[in-house]
Amino acid sequence: MQISARPDRADLTADCARCVGLCCVALAFARSSEFAFDKAAGEPCVNLDDGHRCRIHPELRERGFSGCTVFDCFGAGQQVTQHTFGGGDWRERPELRGEMFAVFPIMRQLHELLWYLDEAILMPAAAPLRQRLDAARTEVALVADSPAHRILSVEVDDLRAPVAELLRAASRLTREANVAAAPPDQRLAPGADLVGADLAGRDLRGAELRGALLIAADLSGSDLSYAELIGADLRDANLRGADLRTAIYVTQVQVNAAKGDARTLLPAGLVAPSHWAV
């Protein structure tokens, strides 16, 4: 059975109304500039109400929880709640707690892989890889649709390695088909340390910035057309006026973590977060 990519990716977009607050319970966080206090994995956040909603959601950043505003589960929350556990609620059925909370972070990783695979499958230049990409997506999707015990036994790294190779190949074909030459700046390379770098107004078309550290970098007004940004750390990066419409492998998590404004051009399916300047 082949499971094809879905252009709207609704199943890979968080739907909190169909989840039981898993990100607010299953995951741990430590007191820092992004979280106002420590919370252990499996311990409900004190801000979670009885209806699995955040009591301070409109004020998260002001109350010291900017880390919550940049999180995205890629639809793992509703998948675990509605599919894996058939609508089960860890409050009403305490026996589900351990297994449900353990499955959630694994499911998030699986759904993130599906997000990237869907993007690669829809790249016209990656057509030569379509059969392999479809097969990889089917394999990951079947794991995500499995019972809890099967998900808990999976080695995500074993799935991730061949997928990463395919994603890199799809990106390379797409960049080569759309950009005449990569930028000459030797700093612009996978995994580059560009923390705080001044890249404002730069022609970054086709730049291979996979896993690059772009924390607080100034990318305002830059052209990131067909630049690969998978795994790039964009926390507090200045994207005001930047063009990312055709940037490759950009996620909502990265967008949420950056700074932008009404002039920032985003890929289809991604939205400007509420804390961006208007």
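Which hand does the crossing of helix 2 and helix 3 have? The crossing is right-handed. This comes from a predicted model, so treat what follows as a walk through computed geometry.

**Helix packing**

Let's stay with that first pair. Helix 2 packs against helix 3 at an angle of about 125°, the two axes lying 8 Å apart. That angle makes helix 2 oblique to helix 3. On the helix 2 side, the residues in contact are A76, G77, Q79, V80 and T84, and they meet M100, V103, F104, M107, R108 and H111 of helix 3. Sorted by class, the residues of this contact come out as six nonpolar, four polar and one charged.

Helix 3 also packs against helix 6. Their axes come within 10 Å and cross at roughly 20°, which makes helix 3 roughly parallel to helix 6. This crossing is left-handed. Helix 3 brings I106, Q109, L110, L113, Y116, L117 and A120 to the contact, and helix 6 answers with V156, L159, R160, V163, L167 and A170. Here the split is 11 nonpolar, one polar and one charged.

Helix 6 has a further partner in helix 4. The axes of these two come within 11 Å and cross at roughly 150°, so helix 4 is roughly antiparallel to helix 6. The crossing of helix 4 and helix 6 is left-handed. From helix 4, R132, L133, A136, E139, V140 and V143 meet L159, V163, E165 and L166 of helix 6. By class, that contact holds seven nonpolar, no polar and three charged residues.

Here are the contact classes side by side:

| Helix pair | Nonpolar residues | Polar residues | Charged residues |
|---|---|---|---|
| Helix 2 and helix 3 | six | four | one |
| Helix 3 and helix 6 | 11 | one | one |
| Helix 4 and helix 6 | seven | no | three |

**The nonpolar cores**

Now for the inside. The largest nonpolar core has 78 residues, and the members touching the most others are L22, M100, L209, L214 and Y249. Elements giving two or more residues to this core are helix 2 (76-84), helix 3 (97-121), helix 4 (130-144), helix 5 (148-153) and helix 6 (156-178). Helix 3 supplies the largest share, 14 residues.

Take L209 as a sample of that core. Leaving out residues up to four places away in sequence, L209 touches L188, A189, L194, L214, L224, E228, L229, I230 and A232. There is also a second, separate core of five residues, with F35, I56, L60 and F65 among them.

**Two residues to look at**

Is D233 buried or exposed? D233 is buried, because its relative accessible area is 17%, and the cut-off for buried is under 20%. This residue sits in the loop between helix 6 and helix 7 (252-257). Not counting residues up to four places away in sequence, D233 touches A212, L213, L214 and I215. One of those, L214, is among the core members with the most contacts to other members, and L214 is touched by L209 as well.

Q82 belongs to helix 2. With a relative accessible area of 34%, Q82 is partly exposed. Setting aside neighbours within four places in sequence, Q82 is in contact with R18 and G87. If you want a distance to check in your viewer, Q82 and A10 are 15 Å apart in space, C-alpha to C-alpha, with their positions 72 residues apart in sequence.

Technical notes: Residues numbered from 1 in each chain as written. Predicted model: local features only at pLDDT ≥ 70, side-chain atom pairs only at ≥ 80, totals over all residues. Heavy atoms only, no water. Core = buried A, V, L, I, M, F, W, Y, C linked by side-chain atoms within 4.5 Å. Buried < 20%, exposed > 50% of the residue type's maximum accessible area, 1.4 Å probe, protein only. Helix = DSSP H or I, 4+ residues; strand = E, 2+ residues; numbered from the N terminus. Contact = heavy atoms within 4.5 Å. Axes fitted to C-alpha atoms, helices over the stretch in contact; angles between N-to-C directions. Parallel < 35°, antiparallel > 145°, perpendicular 65-115°, else oblique. Left-handed = near helix turned anticlockwise from the far one by under 90°. Nonpolar A, V, L, I, M, F, W, Y, C, P; charged D, E, K, R; others polar.
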